[in-house]
Amino acid sequence: MMKRFAWLTAVGITSVCLHAAVPARAAGDGAYRAGVGDTLNVVVYGEDKLSGRFRVSPAGTISYPLLGEIAVADLSTLQIGRTIAAALAERIPSSGLPSVEIVEYAPVFVLGNVDKPGPYQYRPGMTVLELVALGGGEKRAANSETVMLQIISAEQELVDLRIARWSEMIRKARVRAEIAGRDFDGREAIAGGDLVAASIRQAAIDNEVSLFRVRRTILAEQNKALAAQRASYDQEITSLEEGIKLHDEELRLLEEEVRTQQSLYDKGLAVQPRLLAVKRELSATRRNALELRSYLARAHQRQLEVDQKIGELRDQWVRDNATTLAELDISTARRDERIGALVATLGELRGRASSMRAEERRTTDYTVTRQEEGRYVTRPVGELDAIAPRDILRIDAAGPARASGGAGVSPARDVAAR
C-alpha cells in the first residue's frame, strides 16, 4: 500500500511539473493556477468512477463525484490533487494522491484594431504577437502606396478614356462628311486633341481617312453597278421600241395585202389558199408585236426596280450614318461623365496620399486586462510578452512614432473586480 501511494504521488508530481512552465496565472511557486473555463483531467488510480474531465465553473468550482462542488480556482494542479485526496479520505479508503492536469485552457480574447476580434483557444507559451496573428492581424487602412497604385490606375483609365473619346470625335467628323457627301481628310479641329499623344492622334486620323475612302469606293462601285444595269435596260427599251415600230409598219402592209387578196378573191381573180396564207402571216405578226410590247413593259419594270435600288442605297447610307452618329453622341456623353468623375476621384486620391504619410508613422499600443487577486488590472505589454488564459488583449492605434521608434508605456490601471 505504501508503494502504491508513493507511485501515485510521483505521478501527481510529474503531472504538475509538466505545467510548471506555464507563465500565466503563476503564483510564487511558479505553478499554473486553475481558473474559470479551464478543463481538468483527474485520474484516481483504480477508481474509474472518480476519474474524468471537469470544467471549472464561473464560481471557480468543479462538480466532482461523491464530493459535489470543490473550489479549485487559483490552485495549482498539485494543490487540487491534495484537496480531492483529503476530501475523499473522509468518505472512502485512501486511494493515493489523484493525478490532475490541465487538458484545455480557458480562451483568450482579442479586441480593438484587429481584423477578427473575439475569443481564441489558448496554448501554453502564447505571446501577444501570436494572438494578434490568430485574430487576422491588425486592421490597416489603405496606405500611401496603395493610394498611389489607385492614382496610377485612375490616371491610366483617364488617358484611355480621353483617347477613346477623341477617336470617337474623329469618327463623328468622318460620319458627318459621309452624310453631307463631302470629302474628309481628318484635318478638322477636334477639341481635346491636345490631351492625346500626337502619334495616337495621327493613327486615329489615318484609320478614319482610310475607312472613309474604302466606304466611299464601295458606295461608288455599288452605284456604278446599278447605273450600268439601268443603262442596259435603257438600251433594251430603245431596241424594243424600234422593233415595235417596225412590226407596226409590217402589220400595216400585211393588213393592206389582206384587203387586196380579199378583193381579188371576191372577184374570182385570186385563189383561197393565197388569202389564207396572208391572213396567217398577219396573225403571226400581230402575236409577235404583242410579245414585243410585253418585253417592253418588263424592261420598264426592271428599270424602275433599279431606280428604286439606287434610292434605297442612298437612303440606307444616310440612315446607317445617322444611327452611328446618334450612338457616338451617347457614347461620348457617357465618356465625358466618366472623365469628369475620374478627374474628381484623382483629386481626392492625391489629397489622401499626402495626408496618409503622417498616418503611416503611427504606432500600435497593446494592453492586457488580467484578473489578479480579485481585481482586473490593465497594463501595457509588448509583442513578445506572454498571454495567459482569460486575458483580454486590446490593440489600439497610437500617436505618431517617436524618434526612438518605441511605443509609449502607460502605468497599469486597476479595474474594479466583477
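Start by selecting residues 237–264: this span is 100% helix and 0% strand, and its end C-alpha atoms lie 40 Å apart. Those residues are listed in UniProt, in an unreviewed entry, as "coiled-coil region". Keep in mind while you click around that this is a predicted model.

**Colour by confidence**

Now zoom out and colour the whole thing by pLDDT. The mean for the protein is 82, with 84% of residues at 70 or more. Two stretches deserve a sceptical eye. Select residues 1–24, where pLDDT stays under 50; the model still has 37 contacts beyond four places in sequence for that stretch. Then go to residues 401–411, again with pLDDT under 50 throughout, and here the model has 12 contacts beyond four places in sequence.

**The whole chain**

Switch to cartoon view. You should be able to count six helices and 11 strands. Put a surface on the protein and you get about 24,700 Å² of accessible area, 54% of which belongs to carbon and sulfur atoms. Of the 418 residues, 34% count as buried. If you like contact maps, look away from the diagonal: among contacts between residues at least 6 apart in sequence, 66% join residues at least 24 apart.

**An open sheet**

Next, select residues 39–43, which make up strand 1, along with strand 2 (52–55) and strand 5 (99–104). Together you have an open sheet of three strands in the order 2-1-5, with antiparallel pairing. Strand 2 and strand 5 stand at the edges with a single partner strand each, so one side of each is left without a neighbour in the sheet. Turn the view to look across the strands: the twist averages 30° from one strand to the next.

Stay on strand 1 and check its two partners. On one side, four bridges join strand 1 to strand 2; show T39 as sticks and you'll find R55 of strand 2 opposite. On the other side, five bridges join strand 1 to strand 5, and here V42 stands opposite V100.

How many of the five residues of strand 1 are buried? Four of them are, leaving the strand mostly covered. Add residues 77–89 to your selection: this is helix 2, which lies across strand 1 and strand 5 and runs at about 130° to strand 5.

**From helix 2 to I92**

Follow the chain out of helix 2 to I92, in the loop that leads to strand 5. Is I92 buried or partly exposed? With a relative accessible area of 21%, I92 counts as partly exposed, because buried means under 20%. Leaving aside neighbours within four places in sequence, I92 is in contact with L50 and L66. Pick the C-alpha atoms of I92 and L66 and your distance tool should read 9.7 Å, for residues 26 apart along the chain.

**Two positive phi values**

L66 is worth its own stop. Look for it in the loop between strand 3 (61–64) and strand 4 (68–71). At 56% relative accessibility, L66 counts as exposed. Check the backbone torsions too: phi of L66 is near 70°, a positive value in a residue other than glycine. For context, most residues other than glycine have a negative phi.

Jump along to R390 for another such case. Phi of R390 is near 75°, and this residue isn't glycine either. You'll find R390 in the loop between strand 9 (375–381) and strand 10 (392–400).

**Last stop: helix 4**

Finish by selecting residues 144–180, which form helix 4, and pick out S167 within this helix. S167 is partly exposed, with a relative accessible area of 25%. Which distance separates the C-alpha atoms of S167 and A203? They are 9.5 Å apart, and the two residues are 36 apart along the chain.

Terms used
Residues numbered from 1 in each chain as written. Predicted model: local features only at pLDDT ≥ 70, side-chain atom pairs only at ≥ 80, totals over all residues. Heavy atoms only, no water. Pairing = 2+ DSSP bridges. Axes fitted to C-alpha atoms, helices over the stretch in contact; angles between N-to-C directions. Contact = heavy atoms within 4.5 Å. pLDDT = per-residue confidence, 0-100. UniProt positions renumbered as here; feature names shortened; annotations may be inferred. Buried < 20%, exposed > 50% of the residue type's maximum accessible area, 1.4 Å probe, protein only. Areas by Shrake-Rupley, 256 points an atom, 1.4 Å probe, with all protein chains shown as cover.
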